[in-house]
Amino acid sequence: MNAEHAKEFNEQGFTVLRGLLSAEEITELSKPILAAYTSHDYEASAAYDLPAGQESALYPAPGNHCLGSRILAAAPQLMRSSADHPTIVAAVEELLGDVAVLSQYQVYMRTPGSRGTGA
């Protein structure tokens, strides 16, 4: 992390740390998440996330297809490569200036064409 990341976080409320995870860690993280989306094991997209006139959506149709913390019950290894990753925790604690505490685990999959994607 660098000063530009801190500035971006303070101005926009987020920052992107590119290259943080190895290819193996990305694979470990993505496999159970992609499996959940492929099997349609996610929360239904709220109406406000759908394009006008669309009543429902299955991934990969436009929508916000969320995975709540139940994904951790199915794939507890996700913690190692995300919220419990030492580099991620260190970056979060540096940005916050305090000890990081996880309050909720959420995966958002906002597909192109859903509201809020600019498409």
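Me: How many residues in the lining of the second largest pocket are nonpolar, how many polar and how many charged?

Reply: The lining divides into ten nonpolar, two polar and no charged residues. Ala, Val, Leu, Ile, Met, Phe, Trp, Tyr, Cys and Pro count as nonpolar, Asp, Glu, Lys and Arg as charged, and the others, Gly among them, as polar. Gly 13 and Thr 15 are in the lining, and both count as polar because neither Gly nor Thr is in the nonpolar or charged group.

Me: What kind of model is this, and how are residues numbered?

Reply: This is a predicted model, in which local features need pLDDT of at least 70 and side-chain atom pairs count only at pLDDT 80 or more, while totals for chains, interfaces and linings use all residues. Residues are numbered from 1 along each chain as its sequence is written, and side-chain values use heavy atoms, with hydrogens and water left out.

Me: What makes a space a pocket, and what is the volume of the largest pocket?

Reply: On a 1 Å grid over the protein atoms alone, where a 1.4 Å probe fits, a pocket is an open set of points with protein on both sides within 12 Å along at least five of seven lines. Lining residues have an atom within 4 Å of a point. The largest pocket holds about 690 Å³. It has 16 lining residues, and those closest to its centre are Ser 82, Ala 83, Tyr 105, Gln 106 and Val 107. Helix 2, helix 4 and strand 2 each give two or more residues to this lining. The largest share, four residues, comes from helix 4.

Me: What is the volume of the second largest pocket, and which element gives the largest share of its lining?

Reply: The volume is about 340 Å³, a volume being the space filled by probe spheres set on grid points joined across faces, edges and corners. Helix 4 gives the largest share, five residues. Helices (H or I, at least four residues) and strands (E, at least two) are DSSP runs, numbered from the N terminus.

Me: Why is the pair Arg 80 and Glu 28 called a salt bridge?

Reply: The term needs a side-chain nitrogen of Lys or Arg within 4 Å of a carboxyl oxygen of Asp or Glu. The N to O distance here is 2.7 Å, so the pair qualifies. Arg 80 lies in the loop between helix 3 and helix 4 and Glu 28 in helix 2, so the bridge ties together parts 52 residues apart in sequence.

Me: Why is Arg 80 called exposed, and what is Glu 28 called?

Reply: Buried means under 20% relative accessible area, exposed over 50%, and partly exposed in between (1.4 Å probe, protein chains only). Arg 80 has 53%, so it is exposed, whereas Glu 28, at 24%, is partly exposed.

Me: What links Asp 41, Glu 43 and Arg 70?

Reply: They are linked in a network of salt bridges. The closest N and O atoms of Arg 70 and Asp 41 are 3.3 Å apart. Those of Arg 70 and Glu 43 are 3.2 Å apart. Arg 70 is in helix 3 and Glu 43 in the loop between helix 2 and strand 1, so this pair ties together parts 27 residues apart in sequence.

Me: Is Ser 114 buried or exposed, and what does its side chain reach?

Reply: Ser 114 is buried, at 1% relative accessible area. Its side chain reaches the backbone oxygen of Thr 111 at 2.9 Å. That fits a polar contact, a pair of N or O atoms within 3.5 Å, where one must be able to donate a hydrogen and the other to accept it within protein, and residues adjacent in sequence count only if both atoms are side-chain atoms.
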